[in-house]
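Here is a colleague's note on the structure below, set out as numbered points. Please read each point with the coordinates open.

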Amino acid sequence: MTVDIAIKEVEYNLKLVFLGPPGAGKGTQAAYIAEAGAIPTISTGAMLREAIANKTELGKLADSLISKGELVPDEVIIGVVKDRLKLDDCKNGYILDGFPRTVKQAEALDEMLPDAIDIALSLEVPDEDIIERLTGRRECEKCKATFHIKNNPSTKGDICDKCGGKLIQRADDSAETIKNRMSVYHAQTEPIKDYYKKLGKLVCVDGVGSVEQVRTALFKALGL
Ligand code: AP5
């Protein structure tokens, strides 16, 4: 069952960072917020996977690191995001999904743009739920829509019901790699919450519950 919720389209100027462990539902929920506000989602993970598919220099570097659940170097990803934020579609706001991922990246973002971020939204999901979410995740090869074999399946089995593309499993969604992604998250990414807390920008939302329940809680937290 896909989620089909009528959201009143509103124009808003929102600069949002989505925080949370791998598989917390950042990409799933970012799609609703982006659609409602007509702002782009900038997913560094998706950009890196595209670079891997296109066999670019960045892709070659990212491939070996992502498959092990390691991060690409700060200076590389900071440059990628800096270029992306200069594009026209970012002028009315954006959602950053997967960036920043280290305190150094968060500091670089604030140096890049004076008011880079209005709110840092942390989706809280305990470790024990993450493996089930990630091993059951399927992604559309074509439009990159995200599904889950049990929690949020496509109505057409292994075919995307949004665009007809084939649903595949991400290479880094193996049990072994997920374990390392979780420890990298706790060691390197979780400290960012304190960084934004000190700036008075951190909002934590419970990410446990159905996709619809979490979406409702997020919209409420954002005042939408
Ligand atoms: P990235 O693509 O950013 O991966 P991630 O942070 O690990 O997050 P995911 O995309 O896995 O999860 P998500 O929170 O978006 O969850 P989703 O909505 O899909 O990064 C991949 C790699 O790229 C990194 O490991 C790193 O190597 C590299 N990288 C990226 N950015 C970098 C950076 N800035 N610096 C350095 N390296 C970087 O949901 C997961 C599943 O759960 C889905 O199947 C979904 O249907 C299901 N689901 C969603 N919500 C719910 C719910 N409420 N209940 C039940 N199931 C749900």
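1. Is arginine 170 buried or exposed? In this predicted model, arginine 170 is buried, its relative accessible area being 14%. The side chain of arginine 170 meets that of aspartate 172 in a salt bridge, with 3.0 Å from N to O, and aspartate 172 is itself buried, at a relative accessible area of 6%.

2. The pairing continues from aspartate 172 to arginine 181, where the closest N and O atoms of a further salt bridge are 3.8 Å apart. Arginine 181 also forms a salt bridge with aspartate 173, at 2.9 Å from N to O. Aspartate 172 and arginine 181 are both buried, and aspartate 173 is buried as well. Through shared partners, salt bridges join Arg137, Arg170, Asp172, Asp173 and Arg181 into one network. The count of salt bridges in the model comes to nine.

3. Glutamate 139, which lies in strand β5 (residues 137-140), deserves separate attention, as it is buried yet has no salt bridge. The nearest side chain of opposite charge is that of arginine 49, 4.2 Å away, while the cut-off for a salt bridge is 4 Å from a side-chain nitrogen of Lys or Arg to a carboxyl oxygen of Asp or Glu. Leaving aside residues up to four places away in sequence, glutamate 139 touches Arg49, Lys144, Ala145, Lys166, Leu167, Ile168 and Arg170; the last of these, Arg170, also belongs to the network described above.

4. Helix α7 (residues 175-189) has 15 residues, which at 1.5 Å a residue should span 21 Å, and the 20 Å between its end C-alpha atoms agrees with that expectation. Its buried residues are Thr177, Ile178, Arg181, Met182, Val184, Tyr185 and Thr189. Seen down the helix axis, these buried residues fall within an arc of 165°, so they line one face of α7. The face turned away from that buried side carries the exposed residues Glu176, Lys179 and Ala187, and what covers the buried residues includes α3, α6 (127-135), β5 and α8.

5. Within α7, threonine 177 counts as buried because its relative accessibility is 8%, under the 20% limit. Threonine 177 and serine 67 are 110 residues apart in sequence, yet their C-alpha atoms are 6.9 Å apart in space. Beyond the residues up to four places away in sequence, the contacts of threonine 177 are Ile66, Ser67, Lys68, Gly69 and Asp172, the last of which is the buried aspartate already paired with arginine 170.

6. Helix α2 (residues 44-53) can be read in the same manner, its buried residues being Thr44, Gly45, Leu48 and Ala51. These fall within an arc of 125° when seen down the axis of α2, so they line one face of the helix. Glu50 and Ala53 are exposed on the other side of α2, whereas the buried residues pack against β2 (41-43), α3 (57-68), α4 (74-85) and β3 (93-97).

7. The largest nonpolar core has 26 residues, and those with the most contacts inside it are Val17, Leu85, Tyr94, Leu96, Leu109, Ile117 and Tyr196. Two or more residues each are given to this core by β1 (14-19), α3, α4, β3, α5 (103-112) and α8 (192-198). Apart from this core lies another, of 25 residues, among them Phe18, Ala30, Ile39 and Met182. Tyrosine 196, when residues up to four places away in sequence are not counted, touches Val17, Leu19, Pro100, Ala106, Leu109, Ile117, Ala120, Lys201 and Leu202.

8. Some details of the backbone should be checked by eye. The peptide bond from phenylalanine 99 to proline 100 is cis, with omega near 0°, and proline 100 is found in the loop between β3 and α5. Alanine 38, in the loop between α1 (26-37) and β2, has a positive phi near 50° although it is not glycine, and with a relative accessible area of 46% it is partly exposed. Lysine 55, in the loop between α2 and α3, likewise has a positive phi, near 55°, and is exposed at a relative accessible area of 64%.

Definitions and conventions:
Residues are numbered from 1 along each chain as its sequence is written. This is a predicted model: local features need pLDDT of at least 70, side-chain atom pairs count only at pLDDT 80 or more; totals for chains, interfaces and linings use all residues. Side-chain values use heavy atoms; hydrogens and water are left out. Helices (H or I, at least four residues) and strands (E, at least two) are DSSP runs, numbered from the N terminus. Buried means under 20% relative accessible area, exposed over 50%, partly exposed in between (1.4 Å probe, protein chains only). Lys and Arg count as positive and Asp and Glu as negative; His and the chain ends are not counted. Contact means heavy atoms within 4.5 Å. The arc is that of the directions from the helix axis to the C-beta atoms. A nonpolar core is a set of buried Ala, Val, Leu, Ile, Met, Phe, Trp, Tyr and Cys residues joined through side-chain atoms within 4.5 Å. The expected span of a helix is 1.5 Å times one less than its number of residues.
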